[in-house]
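I opened this notebook to record what I looked up in the structure, topic by topic.

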There are 2 protein chains.
Amino acid sequence: MFDRLQTSLAQLLPLSREEFISFAALLTPRRLAKHETFLRAGEICTHIAFVNKGCLRYYYLKEGNEYNGQFFFEGAWVGDYQSFLSGQPSVQYVDALEDSELLVIPRTDLQRLYTEQPRFERFGRLLAENIVIGSQRRTASLLFDSPEERYLKLITERPKVVERIALHHIASYLGIKPESLSRIRKRLADNR
Amino acid sequence: MFDRLQTSLAQLLPLSREEFISFAALLTPRRLAKHETFLRAGEICTHIAFVNKGCLRYYYLKEGNEYNGQFFFEGAWVGDYQSFLSGQPSVQYVDALEDSELLVIPRTDLQRLYTEQPRFERFGRLLAENIVIGSQRRTASLLFDSPEERYLKLITERPKVVERIALHHIASYLGIKPESLSRIRKRLADNR
DNA sequence: CGTTTTTCTTAACCCACATCAAGTTTTGTA
DNA sequence: TACAAAACTTGATGTGGGTTAAGAAAAACG
């Protein structure tokens with residue numbers, strides 16, 4: 001149950017057996033069926049979740065259209081950071097794209113852990129720092145790569161996304177319509 | 001000299017007089033003339049800087065074109081996070097848009113501070129978390145707002161940017177060409 | 001303070017993605 | 001396995017931003 005978590009945590013910071021156990025004790029397993037919602041816009045994000053199995057996404061809803069912000073596979077932490085950190089209502093939705101198994105930790109428990117065991121501040125810092133790096137890469141790509149370039153980069157840099165996620169969700173992630181992604185794929189298939 | 005830093009730090013975490021002094025002792029003042037470079041792509045970002053006065057930006061260079069990633073005014077911390085955290089060469093440039101005064105801290109000193117005074121892990125965490133929130137907002141806007149909407153949001157949400165920064169730099173930040181921003185401004189001026 | 005350089009605007013034309021619509025393929029499930 | 005729903009593709013047409021080019025306005029600077 002906690003194997004993947006242990007591996008994933010160990011990549012951020014080495015923990016003693018006791019430290020890991022005290023962390024794991026705060027986590028509650030939760031299953032999420034495909035399409036089931038983890039967080040709705042307007043709610044406050046009171047928990048973040050470690051993805052033990054499956055795949056989730058967060059997305060924005062604007063004028064009836066969904067815009068995929070990010071996909072999360074095994075080993076990732078998912079939630080609405082903005083809401084989780086600020087305590088303000090979320091502006092995004094989080095749901096499952098596959099049947100998923102999560103390990104969920106309440107915001108309050110994590111905050112208490114930070115205070116009581118400062119060692120875990122480092123975990124919080126490293127986690128946030130990694131998210132910064134990912135988010136800035138994504139911003140940069142949206143800023144100056146064409147949709148076609150973004151799609152090609154996705155294929156090479158995040159093959160799991162292309163393998164496991166429906167094309168219309170990928171289009172949404174790339175910031176284009178499904179019809180446009182179809183045409184880009186056609187263009188690429190008709191050589192070059 | 002350290003007034004603004006103290007105010008800015010206090011918003012993140014309360015520090016004792018001694019703690020603040022031990023932090024301030026790691027900082028070196030540095031002046032940067034307008035257009036002067038703080039960091040070049042390819043270099044490793046060995047320092048981050050607190051902006052005491054002035055304005056800096058980071059930008060990407062692709063096929064001879066500049067793309068502004070972010071602007072930094074008084075009270076902000078600037079550097080290439082990706083490079084600073086990973087130790088890898090930077091992919092972006094940082095320079096001054098106005099004559100500026102910085103307070104610079106070496107990466108190694110900050111890392112040591114984290115280890116020796118775990119209290120400051122919290123500073124690092126809160127700083128990173130705030131950057132995550134900003135970066136995700138920017139990503140979202142690029143993902144689903146039109147250039148015109150992005151410009152309007154910039155006016156209301158970050159008036160300082162519109163007041164102090166040249167239009168062609170704003171266009172670049174919005175992900176469009178200066179000619180397009182001109183047209184958008186004209187469109188908006190011709191009422192509605 | 002006048003000259004040079006940079007920044008900003010305008011215009012004409014082009015093109016990639018959006019939109020609307022229809023049809024095909026795949027998936028889910030009773 | 002058959003049917004319905006969802007996902008994907010293709011086509012016709014529209015549009016906002018890109019490109020190129022030129023000129024106007026503002027800023028930098030000797």
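The entries below cover the relation of the chains, their contact, the core, the strands, two unusual backbone angles and the DNA.

**Entry 1. Status of the model**

I note at the outset that this is a predicted model.

**Entry 2. How the two copies are related**

I asked what turn and what shift lay chain B on chain A. A turn of 180° with a shift of 0.0 Å along the axis does so, and the RMSD is 0.0 Å. The two copies are therefore related as by a two-fold rotation axis. I then looked for the C-alpha of chain B nearest that axis and found that of R125(B), at 1.9 Å. The two copies use the same surface, since 100% of the contact residues of chain B recur in chain A.

**Entry 3. The contact between the chains**

I looked up the extent of the contact: 26 residues of chain B touch 26 residues of chain A. On the side of chain B, the elements that supply two or more residues are strand 4 (56–62), strand 5 (65–72), helix 3 (81–86) and helix 5. Which of these gives the most? Helix 5 of chain B does, with 17 residues. By character, I recorded 13 nonpolar, seven polar and six charged residues on the side of chain B that touches chain A.

**Entry 4. The nonpolar core**

I turned next to the largest nonpolar core, which holds 80 residues. The members that touch the most others are A49(A), L56(A), A49(B), L56(B) and V132(B). Helix 5 (residues 119–144) of chain B contributes the largest share of this core, seven residues. I had already met helix 5 of chain B as the element that gives the most to the side touching chain A. As general background, nonpolar side chains tend to be buried together in soluble globular proteins.

I examined A49(A) individually. Leaving aside neighbours within four places in sequence, A49(A) is in contact with F38(A), V78(A), G79(A), L102(A), L103(A) and V104(A).

**Entry 5. The open sheet of chain B**

I traced an open sheet of four strands in chain B, with the order 1-8-3-6 and antiparallel pairing. Strand 1 (28–32) and strand 6 (77–78) of chain B stand at the edges with a single partner strand each, so one side of each has no neighbour in the sheet.

I then followed the pairings of strand 8. Strand 3 (residues 47–53) and strand 8 (residues 100–106) of chain B run antiparallel and are joined by six bridges. Within this pairing, F50(B) is opposite L103(B), and V51(B) is opposite L102(B). Strand 1 of chain B also runs antiparallel to strand 8 of chain B, and five bridges join them. Here the bridge partner of P29(B) is L103(B).

**Entry 6. The hairpin of chain A**

I looked up strand 4 (residues 56–62) and strand 5 (residues 65–72) of chain A, which pair in the antiparallel sense over seven bridges. Y58(A) has Q70(A) of strand 5 as its bridge partner. Two residues lie between the strands of this hairpin, and E63(A) takes a positive phi near 50°.

**Entry 7. Positive phi outside glycine**

I checked E63(B) as well: its phi is positive, about 50°, although E63(B) is not a glycine. E63(B) lies in the loop between strand 4 and strand 5 of chain B. Is E63(B) buried or exposed? E63(B) is exposed, with 5 other C-beta atoms within 10 Å.

I also recorded H35(A), which is not a glycine but has a positive phi of about 80°. H35(A) belongs to the loop between strand 1 (28–32) and strand 2 (37–39) of chain A. H35(A) is exposed, with 10 other C-beta atoms within 10 Å.

**Entry 8. The surface near DNA strand D**

I asked how many residues surround DNA strand D. There are 17, and the closest are L167(A), S182(A), P147(B), K177(B) and S180(B). The elements giving two or more residues to this surface are helix 8 (167–174) and helix 9 (178–189) of chain A, with helix 6 (147–157) and helix 9 (178–189) of chain B. Helix 9 of chain A provides the largest share, six residues. I divided the residues near DNA strand D by character into six nonpolar, four polar and seven charged.

Notes: Residues are numbered from 1 along each chain as its sequence is written. Chains are lettered from A and ligands numbered from 1 in the order in which they are written. This is a predicted model: local features need pLDDT of at least 70, side-chain atom pairs count only at pLDDT 80 or more; totals for chains, interfaces and linings use all residues. A nonpolar core is a set of buried Ala, Val, Leu, Ile, Met, Phe, Trp, Tyr and Cys residues joined through C-beta atoms within 7 Å. A residue is buried if 20 or more other C-beta atoms lie within 10 Å of its own, exposed if 12 or fewer, and partly exposed in between; C-beta atoms are placed from the backbone. Two residues are in contact if their C-beta atoms, placed from the backbone, lie within 7 Å. Copies are superposed by least squares on the C-alpha atoms of residues with pLDDT of at least 70 in both. A residue is near a molecule or strand if its C-beta atom, placed from the backbone, lies within 6 Å of it. Ala, Val, Leu, Ile, Met, Phe, Trp, Tyr, Cys and Pro count as nonpolar, Asp, Glu, Lys and Arg as charged, and the others, Gly among them, as polar. Two strands pair if DSSP finds at least two bridges between them.
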